[in-house]
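Visitor: Before we look at particular features, could you take me through the labels one by one and set each value against its cut-off?

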Amino acid sequence: SAYGNKGVGIRAGSDSGVSDCTVDDSGQHGIEAGDRSMVKTCVASTSVSNGIDLASASIAEGCTAVSNRLDGIHADQNASIRGCVAAHNRSDGIEAGEGSIIESCAALYSLTNGIRARSSSILRGNLCRGNSEDGINMFGTGSRVENNTATDNQRAIDIGPSSNLDVRNSASGNTLVDFTYNTNNVMGPFTNSAAVACPWANIEF
């Protein structure tokens with residue numbers, strides 16, 4: 001564990017593993033991991049930069065990132081982020097580069113977006129609640145956004161310019177609009193009735 005470091009709390013090089021660590025009040029990133037690394041069951045809080053910062057082709061699993069000044073979890077391209085919680089961060093809760101998977105995570109009360117991802121990614125089974133901007137911001141093309149729940153954000157899900165698939169999501173209590181999308185995307189039908197919804201429907205309730 002690391003507390004109050006002036007620089008990075010824990011820094012791991014490429015092809016490394018970091019597990020079961022707690023990092024608090026770091027002067028830069030809480031945990032920084034190089035290419036092809038795994039960060040598992042760690043907690044990063046109140047860092048000056050990102051809570052957990054992952055280079056390309058890395059994995060975060062079962063981690064918690066709370067009250068960091070930038071992103072809770074920030075990953076370069078081809079990342080896998082599963083079963084993580086990001087709450088009360090001052091930028092995005094979770095942000096990942098192209099070709100990433102973000103699954104079964106909770107992104108809560110971020111000052112910008114709950115989850116933000118780029119092209120050719122999969123966002124599945126996440127909860128995004130109480131974020132100041134979008135619950136999910138899908139920036140780019142060729143991604144699949146499926147079976148997510150977005151409540152009490154400004155917008156639930158904002159889908160990129162074209163060639164994205166958005167199905168089986170649910171939205172409620174968002175202050176501006178539930179779904180924002182361009183017609184060049186493939187969207188499941190929208191309904192507020194589960195009784196008549198097809199299996200691919202996006203439900204507003």
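Guide: Let us begin with pairing in this predicted model: two strands are said to pair if DSSP finds at least two bridges between them. β3 and strand β6 (residues 38–40) have 3 bridges, in the parallel sense, so they satisfy the requirement of at least two. Within this pairing, valine 18 has valine 39 of β6 as its bridge partner.

Visitor: What is the order of the strands in the open sheet, and which strands stand at its edges?

Guide: The sheet consists of 9 strands with parallel pairing, in the order β3-β6-β9-β12-β15-β18-β21-β24-β27. β3 (17–19) and β27 (186–187) stand at the edges because each has a single partner strand, which leaves one side of each without a neighbour in the sheet.

Visitor: How do you know that β23 pairs with β20 and with β26?

Guide: The bridges between β20 and β23 number 4, in the parallel sense, and those between β23 and β26 number 3, also parallel; the requirement is at least two, so both count as pairs. Methionine 138 has isoleucine 159 in β23 as its bridge partner, while arginine 155 is matched with valine 177 in β26.

Visitor: What makes β23 mostly covered, and what does β23 supply to the largest nonpolar core?

Guide: In β23, 5 of its 5 residues are buried. The largest nonpolar core has 41 residues, among which Val39, Ile81 and Ile102 touch the most other members. Several strands, including β2 (10–12), β5 (31–33) and β20 (134–138), each supply at least two residues of this core, and β23 gives the largest share, 3 residues. Leaving aside residues up to four places away in sequence, isoleucine 81 has contacts that include Ala60, Ile73, Ile94 and Ile102.

Visitor: Why is the pair of phenylalanine 179 and phenylalanine 190 called tilted?

Guide: A search of the whole structure finds 2 aromatic pairs. In the pair of phenylalanine 179 and phenylalanine 190, the ring centres are 5.0 Å apart and the planes stand at 50°; the centres lie within 6.5 Å, and the angle is neither under 30 degrees nor over 60, so the pair is classed as tilted. The pair links distant parts of the chain, 11 residues apart, with phenylalanine 179 in strand β26 (residues 177–180) and phenylalanine 190 in strand β28 (residues 190–191).

Visitor: Why is phenylalanine 179 called buried, and phenylalanine 190 partly exposed?

Guide: Phenylalanine 179 has a relative accessibility of 9%, which is under 20% and therefore buried. Phenylalanine 190, at 30%, falls between that limit and 50%, so the label is partly exposed.

Visitor: What makes the pair of tyrosine 181 and phenylalanine 190 stacked?

Guide: Their ring centres are 5.4 Å apart and their planes are at 25°, which is under 30 degrees, so the pair is stacked. Tyrosine 181 is partly exposed, with a relative accessible area of 39%, and ring pairs link Phe179, Tyr181 and Phe190 into a cluster.

Visitor: How do you know that cysteine 21 is not bonded to cysteine 42?

Guide: The closest cysteine sulfur to that of cysteine 21 is in cysteine 42, 4.4 Å away, and because a disulfide requires sulfur atoms within 2.5 Å, this separation is too far for a bond. Cysteine 128 is likewise in no disulfide, the nearest cysteine sulfur being that of cysteine 105 at 8.9 Å. The structure accordingly holds 0 disulfides.

Methods: Residues are numbered from 1 along each chain as its sequence is written. This is a predicted model: local features need pLDDT of at least 70, side-chain atom pairs count only at pLDDT 80 or more; totals for chains, interfaces and linings use all residues. Side-chain values use heavy atoms; hydrogens and water are left out. Rings of Phe, Tyr and Trp (its six-membered ring) pair if their centres lie within 6.5 Å; planes under 30 degrees apart count as stacked, over 60 as edge-to-face and the rest as tilted. Buried means under 20% relative accessible area, exposed over 50%, partly exposed in between (1.4 Å probe, protein chains only). A nonpolar core is a set of buried Ala, Val, Leu, Ile, Met, Phe, Trp, Tyr and Cys residues joined through side-chain atoms within 4.5 Å. Contact means heavy atoms within 4.5 Å.
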